[in-house]
Amino acid sequence: MIEALLASTILISSILLDILYGEPRGKLLKLHPVVLCTSISKLIVKPNSSRIHGLVTFIVPVSTVLLIYTLIQYLALKMCFLAYVIFSILILKTTFSINLLYSIVVNAYKSMERGDWSTARHYVQQIVRRNVYVLDEEHVVSAAIESLFESLIDGYVSPLFYYPFLGVKGPLLQRAVNTMDSLVAYKTPEYMNEGYVSAKADTIINYIPARLTAILTVASSLILKLNWRGSLKILLRDHSKTESLNAGWPISAIAGALNVKLEKIGSYSIGDPKEELTHKKIVEALKVYKLTIILATLLILILTITTEILLPWIP
């Protein structure tokens with residue numbers, strides 16, 4: 001039971017730290033796994049190379065991040081147990097983000113509500129790759145909602161999904177893999193081979209969490225008395241429409257729940273346009289987003305306690 005209490009304390013404390021403090025700032029930012037992966041990969045990424053080089057490009061940053069943080073935990077434990085717990089909380093916090101994405105979407109909505117679509121596009125552009133400045137208002141709203149739920153996978157559910165089974169190193173591994181995918185997994189001729197391993201690894205590591213996120217989104221829509229039947233229907237029908245094997249799951253679930261069509265022009269169209277997709281739909285989407293996070297957190301906490309009782313480990 002002591003191990004379960006310790007693991008649960010680290011988990012809950014890291015979540016509260018994210019909600020109350022947000023992202024690391026100043027010198028702490030240099031130790032963020034995303035920043036570390038980015039800095040290391042810049043030294044070895046070589047466009048127009050082979051898949052073998054892509055494998056090296058993947059392994060070196062990911063393994064280096066895991067080694068650095070394992071060393072930090074080891075040194076903290078040598079200092080004292082309290083230091084170990086504190087550093088474990090800080091390290092776990094770097095692997096996920098609730099506050100940042102939520103704040104960006106809220107600010108985008110507030111700008112839309114004021115009729116300031118230029119500022120709204122500025123915020124939405126921070127969380128999507130497509131050029132939102134050439135999109136109409138409906139597609140800007142769609143981009144915001146799509147990104148909000150796609151990011152639920154790799155930004156929260158996926159890293160913490162591995163915590164009950166692998167401790168802090170599980171979320172660190174997911175965060176490093178996801179970062180490498182975003183850095184080199186572009187489907188362009190110069191990166192097709194270089195990013196192949198990173199893309200496949202990201203798909204594999206997010207496979208179960210993506211489907212779990214979709215199921216929790218349907219459950220949230222049921223609790224909030226939204227169209228949960230439509231959420232399940234569109235999930236089953238449209239989850240495979242995205243190029244990514246994972247992204248379509250939560251996107252289709254929220255599209256059905258909101259009775260709207262979410263569309264990335266030239267790529268996919270998900271859901272049925274039963275209701276108009278106005279910026280007011282973002283309010284409903286944010287409610288589903290928050291409840292889905294709560295349900296995911298409860299599930300991960302239960303898994304953590306159960307795993308610790310059955311197979312105790314030091315996080």
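Hi everyone. Let me start in the middle of the chain, with a list: Gly-248, Trp-249, Pro-250, Ile-251, Ser-252, Ala-253, Ile-254, Ala-255, Gly-256, Ala-257 and Leu-258 are the buried residues of helix H13. Before I go on, please keep in mind that this is a predicted model.

So how many of the residues of H13 are buried? Eleven of the eleven, across residues 248-258, so this helix is largely enclosed by the rest of the structure. And what covers them? The cover includes four helices you can pick out on the screen, H7 (137-161), H11 (207-223), H12 (228-238) and H14 (281-310). Strands S1 (262-264) and S2 (268-270) belong to that cover as well. Right after H13 comes Asn-259, and for those of you who like backbone angles, its phi is positive, near 60°.

Now to the nonpolar core. The largest one has 82 residues, and the members that touch the most others are Met-112, Val-124, Ile-145, Phe-149, Tyr-156 and Ile-282. Which helix gives the most to this core? That is H7, with twelve residues. Apart from this core lies another one, of five residues, and Ala-214, Val-218, Leu-235 and Trp-249 are among them. You have met Trp-249 already, as one of the buried residues of H13.

Let me zoom in on Ile-145. Setting aside its neighbours within four places in sequence, Ile-145 is in contact with Ile-254 and Leu-258, and also with Leu-262, Leu-277, Lys-281, Ile-282 and Ala-285. Ile-254 and Leu-258 are, again, on the list of buried H13 residues. Please remember Lys-281, because we will come back to it.

Next, the aromatic rings. A ring pair is described by the distance of the centres and the angle of the planes. This structure holds six aromatic pairs. Take Phe-149 and Tyr-289: their ring centres are 6.4 Å apart and their planes stand at 80°, so the pair is edge-to-face. Phe-149 sits in helix H7 and Tyr-289 in helix H14, so this pair ties together parts that are 140 residues apart in sequence. Are these two residues buried or exposed? Both are buried. Another pair is Phe-161 with Tyr-162, with centres 5.1 Å apart and planes at 85°, so this one is edge-to-face too. Phe-161 and Tyr-162 are buried as well. And going back to Phe-149 and Tyr-289, ring pairs link them with Tyr-102 into a cluster.

On to charges. Side chains of opposite charge can pair when their charged atoms come close. How many salt bridges does the structure hold? It holds nine. In one of them the side chains of Asp-18 and Lys-93 meet, at 3.1 Å from N to O. Asp-18 is in helix H1 (residues 2-21) and Lys-93 in helix H4, so the pair ties together parts that are 75 residues apart in sequence. Asp-18 counts as buried, at 0% relative accessibility, and Lys-93 is buried too, with a relative accessible area of 3%.

Here is Lys-281 again, as promised. Lys-281 forms a salt bridge with Glu-275, where the closest N and O atoms are 2.4 Å apart. Lys-281 also forms one with Glu-284, this time with the closest N and O atoms 3.7 Å apart. Glu-284 and Lys-281 both lie in helix H14, three residues apart, about one turn of the helix. Lys-281 itself is buried, at 7% relative accessible area. Glu-275, on the other hand, is partly exposed at 35%, and Glu-284 counts as partly exposed at 27%. Elsewhere on the slide, salt bridges that share partners join Arg-237, Asp-238, Lys-241 and Asp-272 into one network.

Two last stops. The first is the loop between helix H4 (81-93) and helix H5 (99-114), where you find Thr-95. Thr-95 is buried, with a relative accessible area of 0%. Beyond its neighbours within four places in sequence, Thr-95 is in contact with Pro-159, Pro-171, Leu-172 and Arg-175.

The other is on the surface. Met-1, Ile-305, Ile-309, Leu-310 and Leu-311 form a nonpolar patch there, with about 560 Å² of accessible area together. Ile-309 lies in helix H14 and counts as partly exposed, at 47% relative accessibility. Thanks for listening!

Conventions
Residues are numbered from 1 along each chain as its sequence is written. This is a predicted model: local features need pLDDT of at least 70, side-chain atom pairs count only at pLDDT 80 or more; totals for chains, interfaces and linings use all residues. Side-chain values use heavy atoms; hydrogens and water are left out. Helices (H or I, at least four residues) and strands (E, at least two) are DSSP runs, numbered from the N terminus. Buried means under 20% relative accessible area, exposed over 50%, partly exposed in between (1.4 Å probe, protein chains only). Contact means heavy atoms within 4.5 Å. A nonpolar core is a set of buried Ala, Val, Leu, Ile, Met, Phe, Trp, Tyr and Cys residues joined through side-chain atoms within 4.5 Å. Patches are made of residues with over 30% relative accessible area and no salt bridge: like charges are joined within 9 Å, nonpolar side chains (Val, Leu, Ile, Met, Phe, Trp, Tyr) within 5 Å. Accessible areas come from the Shrake-Rupley method with a 1.4 Å probe; for residues, only the protein chains shown count as cover. A salt bridge is a side-chain nitrogen of Lys or Arg within 4 Å of a carboxyl oxygen of Asp or Glu. Rings of Phe, Tyr and Trp (its six-membered ring) pair if their centres lie within 6.5 Å; planes under 30 degrees apart count as stacked, over 60 as edge-to-face and the rest as tilted.
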